[in-house]
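Let's take a walk through a protein model together. Keep the picture open as you read, and look back at it whenever a residue is named.

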Number of protein chains: 2
Amino acid sequence: MRILIIGGHGTIGKKVSAHFSEDNEVLIAGRTNGDFLVDIEDISSISKMFEKTGQLDAIICIAGEAKWANFNDLSEDDFHIGLNSKLMGQVNLVRLGQNVLNPKGSITLTTGILADDPVVMTTSAAMVNGGIHSFVQAVALELENEIRVNAVSSGMVEDAYEKYKDYFPGHNPIPMKKVVNGYVRSVNGKGNGEVIRIYD
Amino acid sequence: MRILIIGGHGTIGKKVSAHFSEDNEVLIAGRTNGDFLVDIEDISSISKMFEKTGQLDAIICIAGEAKWANFNDLSEDDFHIGLNSKLMGQVNLVRLGQNVLNPKGSITLTTGILADDPVVMTTSAAMVNGGIHSFVQAVALELENEIRVNAVSSGMVEDAYEKYKDYFPGHNPIPMKKVVNGYVRSVNGKGNGEVIRIYD
């Protein structure tokens, strides 16, 4: 398969890229490095990326940000960071990505446990993740050419645990192998419109 | 109690307003009529409304819109209608509304079954509803003065069923009495951070 991984050099992305590279042609896109540079907040940047990638069998997005802060410290503009980046960025990847996917191709988005089990300072991040969960279920009803869309929603991943554990009291770190398997399930399985939850 | 109902003259709102008016002081806000005019897309309009309402014991929002259309017919601007109105409109009601609520007051937002069980043409509407579900869980971790926030998520309501039933194949209409009870549960109960699902 020919697989594009947006955010393929990130904490999760590099493990996912390493796995799929074993048996597939993997192209990596990122904001600062990769085979293609892309800023998913900007739909024209996404469009230019897909002009260069050519036809694909799978698109995986492990990118997009949202601002973490106490609710009363978040401005309206702060909320729009998450809406424009992690939420509409991933929606726009589906809007444009469907056109470069071969029939039976797949798109895998990334959310996280905050959608279902938030912690303090995540009103924006949780909201964005929850929006994508519902979006994935809805868009799966409409895409054509047997193109599938899923989201991988993992708990705090092992490789980020030391840095973020104080924000996630009592959360168990998710082994990277299990996180990678969420993407494998989406890309190599037949599920469509699924939120693949990897919680512990 | 002194209760503000935004959208209190709408299909659901008028039944909710009628119920709470039996035993409470109910103030109604709406885009075109009511005790206060408000456009929840515009945070300055929300701010002006709360300058006029004075202190409240409960805020109920049954307002906000999102565009319905086939996924491939929705523009990026179309998605932003829902993000600015039903999503950030309700977020901003919590941001500003907490300041006019008495201790132990409550805020009740409105979503809908599409968050969990979407139908065709609802990628934007489902996404917005799902975002609010996660937001409500997250913000409940942070509000002070024992202020509670919940969302009522109903299936297709009986009073809108004839108009919309073709969009909801096989969905069972929800009796208005049950819908009203969702708001009663939020306002008069003790639940916080709950998504009150009224599905059948």
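Below we look at one chain, then at how the chains are related, and then at where they touch.

## One chain on its own

Keep in mind that this is a predicted model. Start with chain A, whose secondary structure comes to 6 helices and 7 strands. If you trace it along the sequence, you meet them in the pattern β-α-β-β-α-β-α-β-α-β-α-α-β.

How about its overall dimensions? The C-alpha trace of chain A spans about 45 × 35 × 35 Å along its principal axes. Chain A has a radius of gyration of 16 Å, which agrees with the value near 16 Å that a compact globule of 200 residues would have.

## A salt bridge inside chain A

Over all chains, the count comes to 12 salt bridges. One to look for is Lys67(A) with Asp78(A), where the closest N and O atoms are 3.5 Å apart. Lys67(A) sits in the loop between strand E4 (56-61) and H3 of chain A, while Asp78(A) is in helix H3 itself, so the pair ties together parts that are 11 residues apart in sequence.

## How the two chains are related

Here's a general idea to start with: two copies of a chain are related by a rotation about an axis and a shift along it. In this model, you can superpose chain A on chain B with a rotation of 180° and 0.0 Å of shift along the axis, and the RMSD is 0.0 Å. That is the relation of a two-fold axis.

Which residue of chain A comes closest to the rotation axis? It's Gly131(A), with its C-alpha at 1.9 Å.

## Where the chains touch

In the interface, 39 residues of chain A are in contact with 39 residues of chain B. The area buried between chain A and chain B is about 3000 Å², and carbon and sulfur atoms give 63% of that. On the chain A side, Phe71(A), Glu76(A) and Glu142(A) lose the most area to chain B, together 21% of what that side buries. What's more, 100% of the interface residues of chain A are also interface residues in chain B, so the copies meet through the same surface.

What kinds of interactions cross over? Between chain A and chain B there are 0 salt bridges, but 14 residue pairs are in polar contact. Helix H3 (76-97) and helix H4 (123-139) of chain A each supply at least two residues of the side that touches chain B. The largest share, 11 residues, comes from H3(A). Sorted by type, the residues on this side of chain A divide into 22 nonpolar, 13 polar and 4 charged.

Terms used: Residues numbered from 1 in each chain as written. Chains lettered and ligands numbered in written order. Predicted model: local features only at pLDDT ≥ 70, side-chain atom pairs only at ≥ 80, totals over all residues. Heavy atoms only, no water. Contact = heavy atoms within 4.5 Å. Buried area = accessible area lost by both parts, 1.4 Å probe. Salt bridge = Lys/Arg side-chain N within 4 Å of Asp/Glu carboxyl O. Polar contact = N/O pair within 3.5 Å; in protein donor to acceptor, adjacent residues only side chain to side chain. Helix = DSSP H or I, 4+ residues; strand = E, 2+ residues; numbered from the N terminus. Nonpolar A, V, L, I, M, F, W, Y, C, P; charged D, E, K, R; others polar. Least-squares fit on C-alpha atoms with pLDDT ≥ 70 in both. Rg over C-alpha atoms; globule rule 2.2 N^0.38 Å.
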